[in-house]
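Please look through the structure below with its helices in mind, since the paragraphs that follow go from the packing of one pair of helices to the surroundings of a single side chain.

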Amino acid sequence: MSLEQLDLKEKIALCSGEDTWHTKSFSTADIPSLCMSDGPHGLRKMSDGSDLTDIDNSLPSTCFPSAALTACSWDEELIEEMGRALGEDAASLGVGLLLGPGANIKRNPLCGRNFEYFSEDPLLSGKMAAALIRGVQSRGVGACLKHFACNNQEYKRFQSDSVLDDRTLRELYLSAFEIAVRESRPAAVMCAYNKINGTHCSDNQRLLTDILRGEWGFDGMVVTDWGALNDRVSAFKAGCDLNMPGGSSYQEKMAMLAIKDGRLDKQFVERSAERIAALSRRVQKAQTERRDFDHDAHHALARRIAVESAVLLKNKDHILPLRKNIDVLLIGPMVKQLRYQGGGSSHINPLQLRQLSEVRADLPYVPGCLPDGSSDKKLLKQAEKAAKKAGVPVILAGLPDSYESEGFDRSDMAMPDGYNELIETVAAVNPHTVVVLMAGSPVELPWADKVKSILYMGLPGEAGAEAIADLLFGEVSPSGKLAETWPVSYLDCVSSSYYSGQNKDAHYREGVYVGYRYYQKAGVRVRYPFGYGLSYSEFVYSDLRISGNHVCFSVKNKGKCDASEIVQLYVSPPEGTGYRPALECRAFRKIRLRKGETVSVNFELTNRSFALWQNGWIVPPGTYGVHIGSSSEDLRLHGTIHKEGDPWKEPALPDWYISPSGTPSHIDFEHLLGRPVTVRSQSKGCYTMDSTFDEMKEDSAVAGLIYRVMAKKLLKSTGNDKNSAKYRMALSTVSDAPLRTLQMFLGKESSTMEYLLDWINGHPGKVLEGLIKKSRTE
Ligand code: BGC
């Protein structure tokens with residue numbers, strides 16, 4: 001059905017939302033309103049009339065484990081099953097487009113939203129995202145892959161420029177999106193807030209049209225992240241279809257003017273309107289039928305996913321699973337108040353939530369520290385005393401809510417002092433101490449050598465407590481493997497001295513050396529490597545056979561219980577290759593093995609498994625290593641594949657990229673990019689619509705006053721706690737949003753923020769002039 005019934009103004013209007021979560025409907029043209037809702041691991045459907053900041057009051061829905069944990073399952077079938085359940089939850093609430101999954105690469109462990117993302121590795125991220133999308137879309141609901149692209153920090157997320165070289169962009173940051181788009185055909189892609197090499201993602205034709213649609217064949221709708229539109233005219237030309245949230249029409253007025261004076265061809269608008277209409281119609285059935293689903297079945301699935309994804313990091317003397325007759329003591333405030341999800345737009349109001357103190361009400365419990373992770377002498381003493389007498393003290397610890405959220409990055413990788421002190425104290429009096437960790441990203445573990453066992457549960461969702469009990473007591477063998485490296489200390493991380501907070505922009509100086517790609521090449525010892533995870537069983541690898549691109553081997557479960565193993569294939573470059581990671585994960589599979597069973601595993605590699613980006617995908621000639629193993633550092637079988645390859649010339653680069661050690665310098669980075677990179681700063685009198693209150697507040701009295709008033713209001717509306725994730729996210733959203741974004745959020749006319757800007761820049765006369773002019777034209 002075409003859009004002939006709509007005039008140009010209506011077509012432009014269709015390309016911006018009606019309100020925060022819906023598009024406009026046009027019954028004359030049979031275009032229903034599209035209902036959108038967050039998020040990646042559950043539905044955050046807001047009730048009608050609620051505003052953007054009212055994060056916690058969404059309609060109840062299943063809270064699945066977040067991506068930081070589900071990725072540790074490395075299990076495409078399981079994640080597809082989760083996607084099907086999410087699709088059913090969405091349809092039951094009348095949601096036509098689910099705003100997830102997020103396929104951003106974990107560039108640094110401190111990114112505030114890492115818990116919402118899958119991995120530091122593009123293959124694993126892409127495969128997990130594709131599986132989730134396939135599942136959601138099988139239920140007639142659309143999925144929206146986000147945040148496209150290079151949105152790898154929360155600091156200054158609305159305006160920071162992600163500066164990186166083409167090779168890094170293609171090999172790491174775009175590959176995950178490419179896999180998901182090619183393998184699952186998402187209904188929508190959400191463009192990110194940031195710029196890439198100077199151009200906002202919303203205005204980025206190379207990204208949204210040339211690469212996404214032209215190269216990868218994407219045929220769905222591109223929607224802005226909420227408030228990410230920079231300039232409607234450039235965005236139409238770039239292939240950005242829908243501007244969200246709705247409520248302000250000033251950008252649309254500009255588009256109309258641009259068509260009138262010939263700066264914008266109306267075909268761009270027509271194409272965008274058609275894509276939006278097509279999606280609204282496609283999901284209409286799911287949106288209106290409101291089929292109910294089996295809540296208990298989804299809760300059981302959330303539990304199974306948490307069990308299948310949890311990672312056993314340490315298990316000395318096989319202390320886990322806990323024998324039936326042992327006196328177990330539960331310790332830590334999380335026994336009664338589990339940390340099970342992160343903060344921000346992915347926050348779910350769970351349908352069912354049980355605490356470990358309810359699941360195992362038969363076991364004694366002491367808190368040991370305060371719920372926010374701070375120390376309390378009396379509670380610590382009580383825990384020490386009880387732990388001395390216990391058979392096995394099990395401590396639930398990790399990061400409290402206020403540490404991980406959308407809107408800000410963590411300031412370090414440490415757990416709160418109260419937890420570290422509690423673990424040290426208990427471990428000192430009881431050698432059988434077990435720690436269960438709840439955190440959406442790696443933390444430093446200074447006490448790792450002093451405890452017997454560590455079980456990582458990520459942010460395990462609403463059934464997390466039951467999953468913990470299954471793994472500790474139920475003899476279900478843990479089978480997850482880390483989807484990101486855990487460094488010993490944050491300082492070991494290559495970007496630690498220049499990531500987030502140091503600079504308005506994000507300079508990707510480390511190039512392709514992210515996560516294990518860096519640690520392995522630089523020979524830096526890590527706490528737990530990528531792909532690592534223990535089992536209650538043991539596996540033997542044998543019989544590697546390679547023929548062409550076909551790789552085959554056997555795995556045997558030689559332990560005492562049925563269990564699963566995640567087998568991984570890594571490729572190493574030909575000897576002498578300079579700028580290239582030592583190993584890259586090119587295939588993986590989770591296999592289930594009964595006790596004593598042997599299975600044969602087959603992988604088919606492709607040319608892309610050996611390729612690097614140099615103005616296109618090319619395979620440098622030579623002999624590549626093929627390594628099969630149980631983690632990136634536990635490689636058991638080795639073979640080679642020879643490639644005639646493509647002619648290529650290795651680029652001349654600074655030494656750091658050939659043998660990385662320590663930190664790459666700004667000058668190294670400029671060589672990698674092949675151009676100078678300026679460090680942006682702004683000074684009084686030069687602010688623009690791209691400026692934020694955070695940067696203007698110090699040298700403009702007006703901006704300072706507005707900032708303080710806003711902060712006070714937000715503090716009150718979020719519960720008067722300056723440390724809460726809710727307040728910090730709300731404040732960063734308002735104070736870090738450029739004036740143009742605030743204008744959209746507030747639904748204001750264009751002139752409002754422009755007048756304010758003149759005033760802040762020290763030209764109050766211009767404000768007066770503008771107001772007089774305005775009153776004359778009205
Ligand atoms: C987030 C998106 C989210 C959107 C709508 C944005 O601030 O970055 O992930 O989908 O809000 O809530």
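**Helix packing and a buried helix**

In this predicted model, helix α3 (residues 76-92) packs with helix α4 (residues 122-137) at an angle of about 40 degrees, and their axes are 6 Å apart. Angles under 35 degrees would count as roughly parallel and those from 65 to 115 as roughly perpendicular, and α3 and α4 are therefore oblique to each other. The crossing in which α3 passes α4 is right-handed. On the α3 side, the contact is made by Glu76, Ile79, Glu80, Met82, Gly83, Arg84, Leu86 and Gly87, while α4 contributes Lys127, Met128, Ala131, Leu132, Arg134, Gly135 and Val136. Sorted by character, the residues of this contact comprise seven nonpolar, three polar and five charged.

A second region to follow is helix α21 (residues 725-735), which is largely enclosed by the rest of the structure because nine of its eleven residues are buried. These are Ala725, Tyr727, Met729, Ala730, Leu731, Ser732, Thr733, Val734 and Ser735, and the buried residues of α21 pack against α19 (693-696), α20 (701-717) and α22 (739-745).

Within α21, one may then turn to Thr733, whose relative accessibility of 17% falls under the 20% limit, so Thr733 counts as buried. A polar atom of the Thr733 side chain lies 2.7 Å from the backbone oxygen of Met729. Leaving aside residues up to four places away in sequence, Thr733 touches Arg157, Phe158 and Phe745.

Conventions
Residues numbered from 1 in each chain as written. Predicted model: local features only at pLDDT ≥ 70, side-chain atom pairs only at ≥ 80, totals over all residues. Heavy atoms only, no water. Axes fitted to C-alpha atoms, helices over the stretch in contact; angles between N-to-C directions. Helix = DSSP H or I, 4+ residues; strand = E, 2+ residues; numbered from the N terminus. Parallel < 35°, antiparallel > 145°, perpendicular 65-115°, else oblique. Left-handed = near helix turned anticlockwise from the far one by under 90°. Contact = heavy atoms within 4.5 Å. Nonpolar A, V, L, I, M, F, W, Y, C, P; charged D, E, K, R; others polar. Buried < 20%, exposed > 50% of the residue type's maximum accessible area, 1.4 Å probe, protein only. Polar contact = N/O pair within 3.5 Å; in protein donor to acceptor, adjacent residues only side chain to side chain.
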